[in-house]
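Student: I would like to go through this structure with you and learn why certain words are used for its parts. Could we take the terms slowly, setting each against its definition?

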Amino acid sequence: MGEFFRVLTDNGQLFVDGFTNTVKLFLIAAVGSLVLGTLLGAMRVSPVPALRAFGATYVNLVRNTPLTLVFAFLVFAVPKLDVNIDYDDSAAVALTVYTSAFVCEVIRSGVNTVAAGQAEAARALGMTFGQVLTLIVLPQALRAMVPPMMSVFIAMLKNTTIAAGFSVLEAGAIPAYMAERGEPQFAVLLWITIGFLILILPLVALQRILERKWRVAR
Amino acid sequence: MSQASILYDLPGPRAKRRNAILGVVSTAGIIALLAYIGYKFADTGQFEARRWEQFQYASVQRELLAGLGATLKAAAIAAVLALLFGAVFASGRLSDKWILRTPATFVVELFRAIPLLILIFFGYYVPLQYGWSIDKLWALVIGLMLYNGSVLAEIFRAGINAVPYGQTEGAYAIGMRKNQVLRLILLPQAVRSMLPAIVSQLVVLLKDTALGFIITYPELLFVGKQIGGRLPFGLPYVPTYLIVGAIYIAICGALSILAWWLQKRMGRSRRTAAKVLPSQDVGDAAGRMI
């Protein structure tokens, strides 16, 4: 047991650095994928067929590609296109590109949960497009979107570990450093697990509360 | 147009004109984007014959096939084990006895919260620490089994719970035992409602075998790195990853279409009273798919 705690106290700095970078990467990619995902979601529900087709193609291509491949493409292939991008940025871009496809789908299906009659009634009252969107559709759609959106971001937080395979020092990269230091890996991995549980369990709890509170009565 | 009709009224003459203009502008934008990417590829010589040449060699094609074989092998073993794991723990969670229910709930919730890569590292680094030799295939398969098995356990549980309670009551009323109710009434209906979700989870599992790359299991992505890193062919990373990506998209896309088709078909089926579980995008499914 003493050994178990020694692993953490002896290598405290590495754990702190690792998890700080994980959270940083998560926040950057979360903002990025929220922006790109919303844009793609707007394309998918737009009245312009070309934009709808582009959104659908993007989502279907990205969704059927492993995230690890997206990482590998950014780290190994993109520099060959004369684009200079460092490892940390590659990781953020890879996570953004991948996650925004899922964000897009959450937005699309959230908008689709609103009954068509709601918007029709609003238009019948003479509301403009902006009013229909902000007063009628979005308030209802957002309640349906938040729980799945949180699932997507919880999954993305876990996915940040993949950056470890591509030279980014974050929580998932700690075992490789510890292997060099000859520390007992079982203890190291348990500490990483505990770290992730501390980050993820509050999010899961919040998600369940919101899900219960905002369940739309139909 | 069913999706668009929620937000937009049927277009009148002005809206039609505006949509047509937006269509032309956005098409031009998309073409410009693709053209720029194509120009970037051409400018850095990604279309040069020497970068594509080795894909004509039978040996390189065999390498790719071997990588694909390793990917499919890991996915197949992990899928079977994950389905078993899921069935065992779902029945644990559905049990009336708390002594079975509590540990099953704990295991399922725990393994869903741990990043899959960390689970794979448990199978990879821990045996190394004790000097045991474990095949990388099994490190990968164990991680995939624990994570996807836990997710599948939740799908199975949701599937059983989706069968309306009247079905169970009816079955008890005609004198069936608990075992018969589950076997003859609940499972046949639940399987229909959860089949699309199971298939899309297996797509996720197949995609996740790519994590084997990080522990140097020689799967498709790992083979791609080796082929792409060959100097005499001008480090053809770009062509190689395009080919590898196309392979993944073809296989996973076909399975996703199957899941979608099943969802449509099962939704119409009269052979289950249960509501079909969403295969993607909605609620809990959104977190599963990613």
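Tutor: What follows is a set of questions and answers about a predicted model, taken term by term.

Student: Why is Leu140(B) called buried?

Tutor: A residue is called buried if 20 or more other C-beta atoms lie within 10 Å of its own. Leu140(B) has 30 C-beta neighbours inside 10 Å, and therefore counts as buried. This residue is found in helix α7 of chain B, which covers residues 136-162.

Student: What makes a residue a contact of Leu140(B), and which residues are in contact with Leu140(B) when neighbours within four places in sequence are left aside?

Tutor: Two residues are in contact if their C-beta atoms, placed from the backbone, lie within 7 Å. With those sequence neighbours left aside, Leu140(B) is in contact with Ala74(B), Ile120(B), Thr209(B), Leu211(B), Gly212(B), Ile215(B) and Tyr217(B). As for Asp208(B), which is 68 residues apart from Leu140(B) along the chain, the C-alpha atoms of the two are separated by 9.4 Å.

Student: Why is helix α10 of chain B described as mostly covered?

Tutor: The helix runs over residues 220-228, and seven of its nine residues are buried, so the description rests on that count. The buried residues are Leu220(B), Leu221(B), Phe222(B), Val223(B), Gly224(B), Ile227(B) and Gly228(B). They pack against α4 of chain A, together with α4 (58-94) and α11 (237-268) of chain B.

Student: How do you know that α7(A) is not a straight helix?

Tutor: At 1.5 Å a residue, a straight helix of 31 residues would span 45 Å, whereas α7(A) spans only 38 Å between its end C-alpha atoms. There is also a kink of about 45 degrees at Val137(A) in α7(A), shortly before the proline Pro139(A).

Student: How many residues does each chain bring to the contact between chain A and chain B?

Tutor: Chain A gives 59 residues and chain B gives 58 residues. On the side of chain A that touches chain B, several helices each supply at least two residues, among them α3 (49-63), α5 (87-113) and α9 (185-213). The residues of that side divide into 42 nonpolar, 12 polar and five charged.

Student: Which helices and strands does chain A have, and how many of its residues count as buried?

Tutor: Chain A has nine helices and zero strands, and 47% of its 218 residues count as buried. Along its principal axes, the C-alpha trace of chain A spans about 70 × 45 × 25 Å.

How values were computed
Residues are numbered from 1 along each chain as its sequence is written. Chains are lettered from A and ligands numbered from 1 in the order in which they are written. This is a predicted model: local features need pLDDT of at least 70, side-chain atom pairs count only at pLDDT 80 or more; totals for chains, interfaces and linings use all residues. Helices (H or I, at least four residues) and strands (E, at least two) are DSSP runs, numbered from the N terminus. Ala, Val, Leu, Ile, Met, Phe, Trp, Tyr, Cys and Pro count as nonpolar, Asp, Glu, Lys and Arg as charged, and the others, Gly among them, as polar. The expected span of a helix is 1.5 Å times one less than its number of residues. The bend at a residue is the angle between axes fitted to the seven residues ending there and the seven starting there. A residue is buried if 20 or more other C-beta atoms lie within 10 Å of its own, exposed if 12 or fewer, and partly exposed in between; C-beta atoms are placed from the backbone.
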